Amino acid sequence: MRNPFEFIADLYDYNFQYYRWFTHRRLIFSDISADSLKADFKFNIFENNDSENIGKLIKQTTLIGFSTGLGLAPIKMALLTEFQKKAFRQALPSAVGILAVCTGVGLAYGAIVNATSNFRGQKNDSTNHVVAAMSTFPIMGVYAKSNKIQWGFFNSIVFAGVLGYLKYAYSGNIIGVDPSKQLPNLRSSVNPSHYKIN
């Protein structure tokens, strides 16, 4: 296992170099195409090897967090203005806060998944996503009216279970079944060329 301080320094250097390239080439000089955007949106954080493609991983998790925030912010705004009868100016900071928190959770989630995988010797399993969920989702407890710590811990447990299982399932395992020990399916075991039309 690597020295944690060396690992953090390497991770920071890698991220700095990547985002400098992203800002310089992709944003300033518009080094972007429809195909590259399509590839970014189709990127699957569970099918990906957690120790690789950190740029795509963080972009996708950040995009998921941002999209979630865009969906929840209007709901929060409506609850504050329609039910609690607050002015628009008073409700707006709460809505923007939800957007910022969700985006931050997404960004941190992808970075922690990659960091955990590399720290564990480039292991690619559900543990990486469980650690990331347990590290990021407790922040959601700030929106509870009471027992914020308990609700934050509850959120982290729920999301850790869901996201960990998604990673487990995308690796080919379903409820503890090892796919390497299963019989081949009908499509792969039957060759159409075996059959001839009379």
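The exercises below, each with a worked solution, concern a predicted model.

**Exercise 1. Salt bridges**

Find how many salt bridges the whole structure holds, and state which side chains form them.

Solution. Step 1: a search of the whole structure gives two salt bridges.

Step 2: one of them joins the side chains of Asp50 and Lys167, with 3.4 Å from N to O. This pair connects distant parts of the chain, 117 residues apart. Asp50 sits in the loop between α2 (34-42) and α3 (54-83), while Lys167 belongs to helix α6 (residues 148-170).

Step 3: another salt bridge is made by the side chains of Asp125 and Arg120, with an N to O distance of 2.8 Å.

Step 4: check both distances against the cut-off. A salt bridge requires the side-chain nitrogen to be within 4 Å of the carboxyl oxygen. The value for Asp50 and Lys167 is 3.4 Å, and that for Asp125 and Arg120 is 2.8 Å, so both pairs qualify under the 4 Å limit.

**Exercise 2. Buried or exposed partners**

For the residues of the two salt bridges, decide which are buried and which are partly exposed.

Solution. Step 1: recall the limits. Buried means under 20% relative accessible area, exposed means over 50%, and partly exposed lies in between.

Step 2: Asp50 and Lys167 are both buried.

Step 3: Asp125 has a relative accessible area of 26%, so Asp125 is partly exposed. Arg120, with 23%, is partly exposed as well.

**Exercise 3. The surroundings of Asp125**

Describe where Asp125 is found and what Asp125 touches.

Solution. Step 1: Asp125 is in the loop between α4 and α5.

Step 2: leaving out residues up to four places away in sequence, Asp125 touches Asp50, Arg120 and Lys167. Arg120 is also the salt-bridge partner of Asp125, whereas Asp50 and Lys167 form a salt bridge with each other.

Step 3: a polar atom of the Asp125 side chain lies 3.2 Å from the backbone nitrogen of Thr127.

Step 4: compare sequence with space. Asp125 and Tyr165 are 40 residues apart in sequence, and their C-alpha atoms are 9.9 Å apart.

**Exercise 4. Helix α6**

Give the span of α6, then list its buried residues and its packing partners.

Solution. Step 1: α6 has 23 residues and spans 33 Å from its first C-alpha to its last. This is close to the expected 33 Å, based on 1.5 Å a residue.

Step 2: the buried residues of α6 are Gly152, Asn155, Ser156, Ala160, Leu163, Gly164 and Lys167. They pack against α4 (88-119) and α5 (126-136).

Step 3: take Ser156 as one case. Its relative accessibility is 1%, so Ser156 counts as buried. Apart from neighbours within four places in sequence, Ser156 is in contact with Ala133, Met134, Phe137 and Pro138. A polar atom of the Ser156 side chain also lies 2.6 Å from the backbone oxygen of Phe153.

Step 4: turn to the surface. Trp151, Phe154, Val158, Phe159, Val162, Leu166 and Tyr170 make a nonpolar surface patch of about 640 Å². Trp151, a residue of helix α6, is partly exposed because its relative accessible area is 45%.

**Exercise 5. Positive phi angles**

Locate Gln122 and Asn147, and explain why their phi values deserve notice.

Solution. Step 1: Gln122 lies in the loop between α4 and α5. Asn147 is in the loop between α5 and α6.

Step 2: phi of Gln122 is positive, about 60°, although Gln122 is not a glycine. Asn147, also a residue other than glycine, has a positive phi near 55°.

Step 3: most residues other than glycine have a negative phi, so positive values stand out.

Step 4: classify the accessibility. Gln122 is exposed because its value is 53%, while Asn147 at 47% counts as partly exposed.

**Exercise 6. Phe88**

Place Phe88 in the structure, decide whether Phe88 is buried or exposed, and name its contacts.

Solution. Step 1: Phe88 is part of helix α4.

Step 2: its relative accessible area is 54%, so Phe88 is exposed.

Step 3: Phe88 touches Met77 and Thr81, when residues up to four places away in sequence are not counted. Phe88 and Met77 are eleven residues apart along the chain, and 7.9 Å separates their C-alpha atoms.

Note on methods. Residues are numbered from 1 along each chain as its sequence is written. This is a predicted model: local features need pLDDT of at least 70, side-chain atom pairs count only at pLDDT 80 or more; totals for chains, interfaces and linings use all residues. Side-chain values use heavy atoms; hydrogens and water are left out. Helices (H or I, at least four residues) and strands (E, at least two) are DSSP runs, numbered from the N terminus. Buried means under 20% relative accessible area, exposed over 50%, partly exposed in between (1.4 Å probe, protein chains only). The expected span of a helix is 1.5 Å times one less than its number of residues. Contact means heavy atoms within 4.5 Å. A polar contact is a pair of N or O atoms within 3.5 Å; within protein, one must be able to donate a hydrogen and the other to accept it, and residues adjacent in sequence count only if both atoms are side-chain atoms. Patches are made of residues with over 30% relative accessible area and no salt bridge: like charges are joined within 9 Å, nonpolar side chains (Val, Leu, Ile, Met, Phe, Trp, Tyr) within 5 Å. Accessible areas come from the Shrake-Rupley method with a 1.4 Å probe; for residues, only the protein chains shown count as cover.
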